[in-house]
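Please work through the exercises below with the sequence and the model at hand. Each task is followed by a solution in steps.

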Amino acid sequence: MPKAQETVLEIDLKALKHNFEYLRSKLQKNTKLLAVVKAFAYGSDAEEIAKYLEQLQVDYFAVAYANEGVALRQAGVTTPILVLHPLPVNFNSIIEHHLEPNLYNFKILNEFINYASSKTKTDFPVHIKFNSGLNRLGFSSNEVDNIVATIKATNAIKITSLFSHLAASEDLDEKAFTLNQIETFKAIVKTFKNAIGFKPMLHICNTSGILNYPKAHFDMVRTGIGLYGFGNSEEENKHLKPIGALKTVISQIHHLEKGASIGYNRAYISDKPIRSATLPLGHADGISRIYGNGNGFVTINGKKAAILGNVCMDMIMVNVTDIDCNEGDEVIVFDGTSTAEDLAITANSISYEIITSVSQRVKRVFRR
Ligand SMILES: *Cc1c(COP(=O)(O)O)cnc(C)c1O
């Protein structure tokens, strides 16, 4: 890769392939792999990532919202796409683009059946989600009989899968809670299958579920963060490769006297002569203001440079007093060595948040 001359998010498709194969190696031969490509494939680029994963023969995709699925269909993606959080206002695009909704309560179940019937659909693929303890989206276990009765009364939909979501799969201190979620899910699907007379696919594991609960893979697993290179543990991070590298460049260097202030509200005041570098990325690019005032850092010529003062919308200033560097030099915000997780930790955040925050104005470049 040539050195960055502006702010870019480099995306390494070879690293993606490595992560895909690593996660696959954790599965039984017949277990399906669903790639979660919501939020622009965790801030990378949903269309490129999905098309590449299709070449690797991924079994399923999931997005959060219907418009994300529509964008994939328009890019030519033909693999089934589960919409994790559909809303009734999206039913038209869901049906038109062959997206598969998660139906999580009676309101959306009934409204979807009515809508699909009004479009004379039969056996339209849908997924039923159960709440096993996350208390976010999903039917509760005592609703099974009613769901089954509702489904039996229509031929508009077909239940493709039953699923649930773990609340703390990465946290082994919560193992008892997670095992209880898995048992709750098992009990629900047993009742469900007996009543319905056929066997939809079952899935409950996200990335950390795949890694920590191999007995709970069921028919399919849903992986997001693992594909993008993070395993929510030091040990697993060693096996995965971050696919994204956020790079920028030094626009200007200032030599400042003791007592000089830097940036808005004069939030930083130097207590000795200092050299600062101004970089062309700010909070509008995904570097939240929490990273300012010495919390976050970037890497320049192999050395850490702390962020000075407040993060501006389009720029940050960093401390390069002890770094041999010039205007035009490349700057690493995060990459495979100084990772997004390392940066996120400085603001009490997590890899998920910082990578999904890289805004759409940052140019994406692909390493194939
Ligand atoms: C986002 C999401 C996932 C992916 O989780 P990771 O921890 O990124 O693997 C899986 N399932 C559901 C329901 C999700 O919302």
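**Exercise 1.** Determine which residue forms a salt bridge with K186, and state how far apart the closest N and O atoms are.

*Solution.* Step 1: a salt bridge is a side-chain nitrogen of Lys or Arg within 4 Å of a carboxyl oxygen of Asp or Glu. In this predicted model, local features need pLDDT of at least 70 and side-chain atom pairs count only at pLDDT 80 or more, while totals for chains, interfaces and linings use all residues. Residues are numbered from 1 along each chain as its sequence is written, and side-chain values use heavy atoms, with hydrogens and water left out.

Step 2: the partner of K186 is E183, and their closest N and O atoms are 3.4 Å apart. Side chains of opposite charge can pair when their charged atoms come close.

Step 3: both residues belong to helix 8 (residues 175–196), where they are three residues apart, about one turn of the helix. Helices (H or I, at least four residues) and strands (E, at least two) are DSSP runs, numbered from the N terminus.

Step 4: buried means under 20% relative accessible area, exposed over 50%, and partly exposed in between (1.4 Å probe, protein chains only). K186 has a relative accessible area of 35% and is therefore partly exposed. E183, at 45%, also counts as partly exposed.

**Exercise 2.** Locate the salt bridge of K199 with D219 and classify the accessibility of K199 and of D219.

*Solution.* Step 1: the closest N and O atoms of K199 and D219 are 3.4 Å apart. The pair links distant parts of the chain, 20 residues apart: K199 is in the loop between helix 8 and strand 8 (201–203), and D219 is in the loop between helix 9 (207–212) and strand 9 (220–223).

Step 2: K199 reaches 53% relative accessibility, so K199 counts as exposed. D219 has a relative accessible area of 24% and is therefore partly exposed.

**Exercise 3.** Establish which parts the salt bridge of E10 with K247 ties together, and whether the two residues are buried or exposed.

*Solution.* Step 1: the closest N and O atoms of E10 and K247 are 3.1 Å apart. E10 lies in strand 1 and K247 in strand 10 (residues 244–249), so the pair ties together parts that are 237 residues apart in sequence.

Step 2: E10 and K247 are both buried. Together with R367, they are linked in a network of salt bridges. In total, the structure holds 12 salt bridges.

**Exercise 4.** Describe the open sheet of nine strands and the surroundings of strand 15.

*Solution.* Step 1: the strand order is 11-14-17-16-15-18-10-1-19, with mixed pairing. Two strands pair if DSSP finds at least two bridges between them. Strand 11 (252–256) and strand 19 (363–367) are the edge strands, each pairing on one side only.

Step 2: strand 1 (residues 8–12) is parallel to strand 19, with five bridges; L9 has R364 as its bridge partner in strand 19.

Step 3: strand 15 (residues 297–300) is covered on both faces, with F297 and T299 buried on one side and V298 and I300 buried on the other. Strand 15 runs antiparallel to strand 16 (residues 303–308), joined by four bridges, and antiparallel to strand 18 (residues 330–334), joined by two. T299 has K304 as its bridge partner in strand 16, whereas I300 has V331 in strand 18.
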